[in-house]
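Please open the model in your viewer and keep the sequence panel beside it. The tour below goes from the whole chain to individual selections, saying at each stop what to pick and what is found there.

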Amino acid sequence: MDAHADRSHHVVQRYFQMWNTGDTSIAPEVLSPDWADHAHPEVTGPAGVQRAVTHTHASRPGLRFHIDTILGTDDLLSAVGGVGHESRPGTIDSHLIWLIRLLDGQMAEMWTYRRSTP
């Protein structure tokens, strides 16, 4: 994998770590000022994500995002994983696929899809 792909993957990993730890200080580093989450259009920009993370941590402190794989080597990536709870390590309650577009080394927009499982 080249250095650009490594950086892109690292940005996506940091984004999900922010949700898992509640440390919102990195939002301006990893998110574009025009950040758009198409699954949650009411959450815009880094400040909107910071509020959402803070609210989610207060209301659902055990919520954890798990990333199994990040695919892509340019500014279009997909992350495959899911959401679970820290009280049930290794258990995924909802399998998800995130499609992510990066711009200038920051996440610019994301689409979330629930993965069907047999």
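**The whole chain**

Begin with a cartoon view, in which the protein shows three helices and five strands, where helices (H or I, at least four residues) and strands (E, at least two) are DSSP runs numbered from the N terminus. Followed along the sequence, these elements give the pattern α-α-β-α-β-β-β-β. This is a predicted model, in which local features need pLDDT of at least 70 and side-chain atom pairs count only at pLDDT 80 or more, while totals for chains, interfaces and linings use all residues. Residues are numbered from 1 along each chain as its sequence is written, and side-chain values use heavy atoms, with hydrogens and water left out.

Display the C-alpha atoms alone, and they fill a box of roughly 35 × 35 × 25 Å along the principal axes. The radius of gyration of the protein is 14 Å, which agrees with the value near 13 Å for a compact globule of 118 residues; this radius is taken over C-alpha atoms, and the globule rule is 2.2 Å times the number of residues to the power 0.38. Of the 118 residues, 42% count as buried, where buried means under 20% relative accessible area, exposed over 50%, and partly exposed in between (1.4 Å probe, protein chains only). Among contacts with a separation of 6 or more, 43% are accounted for by residues 24 or more positions apart, a contact being heavy atoms within 4.5 Å.

**The nonpolar core**

Next select Val12, Tyr15, Met18, Leu31, Val49 and Met107, the residues with the most contacts inside the largest nonpolar core, which has 27 residues. Such a core is a set of buried Ala, Val, Leu, Ile, Met, Phe, Trp, Tyr and Cys residues joined through side-chain atoms within 4.5 Å. Two or more residues of this core come from each of H1, helix H2 (27–30), E1, H3, E2, strand E3 (76–85), E4 and E5, and H1 gives the largest share, six residues. Centre the view on Val49: leaving out residues up to four places away in sequence, Val49 touches Tyr15, Met18, Trp19, Leu31, Trp35, Val43 and Thr44.

**The largest pocket**

Now turn on a surface and select Trp19, Asp37, His40, Leu63 and Phe65, which lie nearest the centre of the largest pocket among its 22 lining residues. The elements giving two or more residues to this lining are helix H1 (3–21), strand E1 (31–37), helix H3 (45–59), strand E2 (63–71), strand E4 (94–103) and strand E5 (106–114), with the largest share, four residues, coming from H3. A pocket is found on a 1 Å grid over the protein atoms alone, as an open set of points where a 1.4 Å probe fits, with protein on both sides within 12 Å along at least five of seven lines; lining residues have an atom within 4 Å of a point. This pocket holds about 510 Å³ of space, the volume being that filled by probe spheres set on grid points joined across faces, edges and corners.

Colour the lining by class to see 14 nonpolar, five polar and three charged residues; Ala, Val, Leu, Ile, Met, Phe, Trp, Tyr, Cys and Pro count as nonpolar, Asp, Glu, Lys and Arg as charged, and the others, Gly among them, as polar. Then pick out His40, which lies in the loop between E1 and H3 and counts as partly exposed because its relative accessibility is 40%.

**Two loops and a strand**

In the loop between H1 and H2, select Gly22 and Thr24. Gly22 counts as partly exposed at 28% relative accessibility, whereas Thr24 counts as buried at 17%. Beyond neighbours within four places in sequence, Gly22 touches Gln17, Val53 and His57, and Thr24 is in contact with Met18, Gln50, Val53 and Thr54.

Move on to Ser78 in strand E3, which is buried, with a relative accessible area of 15%. Outside four places in sequence, Ser78 touches Thr69, Ile70, Leu71, Trp98 and Leu99.

Finish at Asp104, in the loop between E4 and E5, where 72% relative accessibility makes the residue count as exposed. Asp104 has a positive phi, near 55°, in a residue other than glycine. Most residues other than glycine have a negative phi.
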